[in-house]
Amino acid sequence: MRYDSELSSLPGLSSRPSQSRPAHVVSLEDFEDLGQVLVYGCRCGEHYAINEADMDNDVHLVACSGCSEVIWIGYKAQSPDYEDEATPGEA
Ligand SMILES: [Zn+2]
């Protein structure tokens, strides 16, 4: 049984096989929040944009509006019910 070493080699979210990594990874924290949309400047001068609907749909890959670059946006999945824990009594 040598599964231990295999398990310990899974560092989690940051683990992406380099061969299949299509995009530069950008944290959502690096985006500029414009209210309806969050944008991140591309080196080409245009920008990447993501909105709440995209995040609800778990969209992570976003293409630049000005070139063919694609980035993978890192953020946690939206959990609408998460903060409802403290409001019991509706059941
Ligand atoms: Zn671009």
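The following questions and answers concern a predicted model and its sheet, core and loops. Local features in this predicted model need pLDDT of at least 70, side-chain atom pairs count only at pLDDT 80 or more, and totals for chains, interfaces and linings use all residues. Residues are numbered from 1 along each chain as its sequence is written.

Q: In what order do the strands of the open sheet of 3 strands stand?
A: Strands (E, at least two residues) and helices (H or I, at least four) are DSSP runs numbered from the N terminus, and two strands pair if DSSP finds at least two bridges between them. E1 and E6 pair in the parallel sense over 4 bridges, whereas E5 and E6 pair in the antiparallel sense over 3 bridges. The pairing is thus mixed, and the order is E1-E6-E5.

Q: Which strands stand at the edges of this sheet?
A: An edge strand here has a single partner strand, so one side of it is left without a neighbour in the sheet. This applies to strand E1 (24-27) and strand E5 (61-63).

Q: Which residue of E6 is the bridge partner of Val25?
A: Val25 is paired with a residue on the uncovered face of E6, which holds Val70, Trp72 and Gly74. Leu61 also has its bridge partner in E6, namely Trp72. For Val25, the bridge partner is Trp72.

Q: Which residues form the covered face of E6?
A: In a regular strand the side chains alternate between the two faces of the sheet. In E6, the uncovered face has Val70, Trp72 and Gly74, and the covered face has Ile71 and Ile73.

Q: Which strands each supply at least two residues of the largest nonpolar core?
A: A nonpolar core is a set of buried Ala, Val, Leu, Ile, Met, Phe, Trp, Tyr and Cys residues joined through C-beta atoms within 7 Å. A residue is buried if 20 or more other C-beta atoms, placed from the backbone, lie within 10 Å of its own, exposed if 12 or fewer, and partly exposed in between. The largest core has 7 residues: Phe31, Leu38, Tyr48, Ile50, Val62, Ile71 and Ile73. The strands that each supply at least two of them are E4 (47-51) and E6 (70-74).

Q: Is Asp58 buried or exposed?
A: Asp58 is found in the loop between helix H2 (52-56) and E5, and its phi is near 60°, a positive value in a residue other than glycine. With 9 C-beta neighbours inside 10 Å, Asp58 counts as exposed.
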